[in-house]
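Here are some notes to read alongside the coordinates, set out as numbered points. They begin with a single residue and move on to helix packing and ring pairs.

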Amino acid sequence: MSLGMVAIIGVLLVVTVTALAPKVGIAPPLLLVGMGFAAAMLPFVEAVTVPPEWVLAGVLPPLLYSSAVNTPAMEFRRDFRLISAFSVTLVAATAVVIGVVLTALVPGLPLGIGIALGAIISPTDAVATAIVRRAGISPRIVTVLEGESMLNDATALVLLRSAIAAAAVSVSLWQVVADFVWAVVAAIVIGFVVGKLNLLVRSRINHVTANVALSLVVPFIAYLPAERLGASGLVAAVTAGLVTGHGAASKLGAEDRLSERAVWRTVELLLESAVFLLVGLELPALADDLFDRGGSLAQALLLAVVAASIAIALRAGFVAWSVWTLSRRNRRHPAVREHLTQMQDQLAEGQLPQLGNPERNARKEARVRRLSRRSASDGPSTEARLGRWQQLVSRRLADIDYLAAEQFGWREGVILVAAGMRGAVTIAAAQSLPEGTQSRSLLILAATLVAVGTLVIQGGTLGWLANRLGLSGRGGDGDPDQWAALQADLAKAAVERLGGRLEGYAPDMVDRVRERLKRIPGADEDGVFQPTAETRERSAKYRKLRLALLEAQREELIAIRDLGTYPSGMLDTALVQLDAEQLGIELLRHE
């Protein structure tokens with residue numbers, strides 16, 4: 001069968017599974033794995049072996065980049081401590097413990113290779129995020145799982161590289177730590193620079209198709225130099241995605257954002273689905289290779305059960321400790337909120353906040369007096385500095401309100417544990433083990449069984465479990481009162497723009513917009529447009545006025561996003577609506 005025919009059949013299967021999965025109540029990745037395995041058992045289908053670099057270097061960078069672009073930076077910042085602990089500490093602990101246990105179970109297995117297998121098994125898969133989001137579980141859980149799945153892949157692969165190097169030659173613990181720190185820090189710097197350059201260049205490209213086409217290579221532009229310098233290409237791709245996603249609303253046009261969203265969703269669907277389809281296709285080939293080398297399926301299954309049990313137990317303990325820690329922190333929030341409210345009152349009166357240190361407060365008051373005597377050209381005014389303080393205090397208050405509304409209890413902890421399934425990264429990373437590795441086929445099949453087993457068992461029951469725990473349908477982005485309040489804030493920004501900074505518009509035209517009339521200027525009583533030179537000019541001005549108001553609303557939306565006073569999903573929906581309205585107005589120019 002030709003490669004083109006395989007691609008066509010693969011796309012048809014992906015579309016079919018995506019359409020049927022919601023009707024049968026099974027997650028699409030699980031169906032794809034099953035269909036791939038069933039297809040591989042057919043006598044006319046040849047054995048399938050996918051080079052691991054195709055997944056690690058070709059599939060993961062765009063997938064992680066796209067996920068990072070759509071990750072709400074506000075929620076990511078709020079739970080960054082928890083996300084980083086899951087992505088680094090838990091991954092490292094899981095890799096070491098699994099490595100020590102498997103070294104004892106497999107005779108002659110070097111500790112470095114055992115830890116390498118632990119690093120392969122330790123990262124969770126992003127498919128859990130899709131299942132949790134579909135079940136309508138708390139957006140905070142979705143953000144934590146999404147952030148964890150973005151960052152732990154990089155941690156695991158860096159540990160895998162270090163463990164394999166340690167097995168080949170003697171290296172110290174400090175060398176491994178230094179390699180890890182360099183891999184992360186250098187990747188963050190590279191990803192940040194690439195993300196900023198991406199926004200800078202694309203903001204100057206007016207051709208929508210070319211703009212979106214450029215976005216398709218950005219993850220590889222971040223990935224390749226990072227890997228060449230010995231850093232983590234995946235961390236670089238994630239960082240570039242976070243920077244791009246945060247700045248896209250203010251730097252890119254509405255049509256660019258809407259088109260990019262549609263294109264990248266298609267790319268995500270095809271890449272993710274292809275990986276899970278290939279997982280099922282490879283299973284028989286992996287088993288045959290193990291048998292040819294004298295191994296047994298029972299031994300691989302035993303290793304898989306042991307490794308998966310250790311990973312789940314460690315995750316359960318880590319989640320329990322995290323929930324307890326967060327609960328202790330939440331008990332301090334009322335006192336912190338009261339203090340922040342007092343600071344907010346002081347700022348409203350034109351005073352810098354009193355932080356409890358008399359000497360520091362005296363210095364602040366003297367500084368305010370000095371600043372009040374300065375001219376505006378000497379530096380930021382007192383009002384500007386107070387404004388920055390007000391923004392910081394308001395953001396912190398919004399953080400506390402969010403964490404209070406989205407507290408983690410034992411039920412949320414159960415979901416976080418159950419969502420720790422393994423997937424495509426585990427399978428691809430396992431196949432990257434060196435050819436001369438002892439018991440290589442056994443280790444690869446064991447890792448594959450862990451991935452497939454957790455996908456089937458945990459992934460297949462996650463939605464049911466969320467429903468039994470009463471966590472389904474609790475997403476916070478659909479509160480009608482909050483939505484009305486957000487729309488009121490955006491409308492207020494538009495009205496303020498109407499009240500000033502708008503010149504050259506007739507009063508009746510401004511009144512039309514203020515009253516939100518939808519009829520195009522120049523239409524008669526029957527709604528029939530009568531084009532004349534005057535009405536065309538008025539229509540152009542009317543569209544320009546509406547675009548100016550949309551820009552005011554978008555600026556307000558970005559300011560609200562930075563404060564974090566509304567759910568990120570709601571803000572994203574509002575931004576899409578503003579973009580769609582702007583695109584519709586711009587299309588009228590061609591009529």
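**Notes on the predicted model**

1. Val 208 has a relative accessibility of 18%, and it counts as buried because the cut-off for that class is under 20%. The structure is a predicted model, and this value, like those below, is computed from it. Val 208 is found in helix 10, which covers residues 208-215. Once residues up to four places away in sequence are set aside, Val 208 touches Glu 255, Asp 256 and Ser 259. The C-alpha atom of Val 208 is also separated by 10.0 Å from that of Leu 258, although these two residues are 50 residues apart along the chain.

2. For the setting of these details, the protein has 24 helices and zero strands. Of its 591 residues, 46% count as buried. Among contacts in the protein with a separation of 6 or more, 81% come from residues 24 or more positions apart.

3. What angle do the axes of helix 3 and helix 11 make where they cross? Two packed helices are described by the angle between their axes together with the distance between those axes. For helix 3 (residues 52-69) and helix 11 (residues 218-228), the axes cross at roughly 120° and come within 9 Å. Helix 3 is therefore oblique to helix 11, and the crossing in which helix 3 passes helix 11 is right-handed.

4. On the side of helix 3, this contact is made by Leu 56, Ala 57, Gly 58, Pro 61, Pro 62 and Tyr 65, while helix 11 contributes Val 218, Pro 219, Phe 220 and Tyr 223. By class, the residues of the contact of helix 3 with helix 11 divide into nine nonpolar, one polar and no charged.

5. Tyr 65, listed above in the contact with helix 11, has a ring partner as well. The count of aromatic pairs comes to four, and one of them joins Tyr 65 to Trp 264 in a tilted arrangement, with 5.5 Å centre to centre and 50° between the planes. Because Tyr 65 lies in helix 3 and Trp 264 in helix 13 (residues 254-292), the pair ties together parts that are 199 residues apart in sequence. Both partners are buried: Tyr 65 has a relative accessibility of 1%, and Trp 264 has a relative accessibility of 5%.

6. The rings of Phe 76 and Phe 80 have centres 5.8 Å apart and planes at 55°, so this pair is tilted. Are the two residues buried or exposed? Phe 76, at 8% relative accessibility, counts as buried, whereas Phe 80, at 42%, counts as partly exposed. In addition, ring pairs link Phe 86, Phe 318 and Trp 321 into a cluster.

7. A last residue to inspect is Thr 94, whose place is in helix 5 (residues 80-105). Which residues is Thr 94 in contact with, leaving aside its neighbours within four places in sequence? They are Ser 122, Ala 311 and Leu 314. Thr 94 has a relative accessible area of 2%, and since buried means under 20%, Thr 94 falls in the buried class.

Terms used:
Residues numbered from 1 in each chain as written. Predicted model: local features only at pLDDT ≥ 70, side-chain atom pairs only at ≥ 80, totals over all residues. Heavy atoms only, no water. Axes fitted to C-alpha atoms, helices over the stretch in contact; angles between N-to-C directions. Helix = DSSP H or I, 4+ residues; strand = E, 2+ residues; numbered from the N terminus. Parallel < 35°, antiparallel > 145°, perpendicular 65-115°, else oblique. Left-handed = near helix turned anticlockwise from the far one by under 90°. Contact = heavy atoms within 4.5 Å. Nonpolar A, V, L, I, M, F, W, Y, C, P; charged D, E, K, R; others polar. Buried < 20%, exposed > 50% of the residue type's maximum accessible area, 1.4 Å probe, protein only. Phe/Tyr/Trp six-rings, centres within 6.5 Å; stacked < 30°, edge-to-face > 60°.
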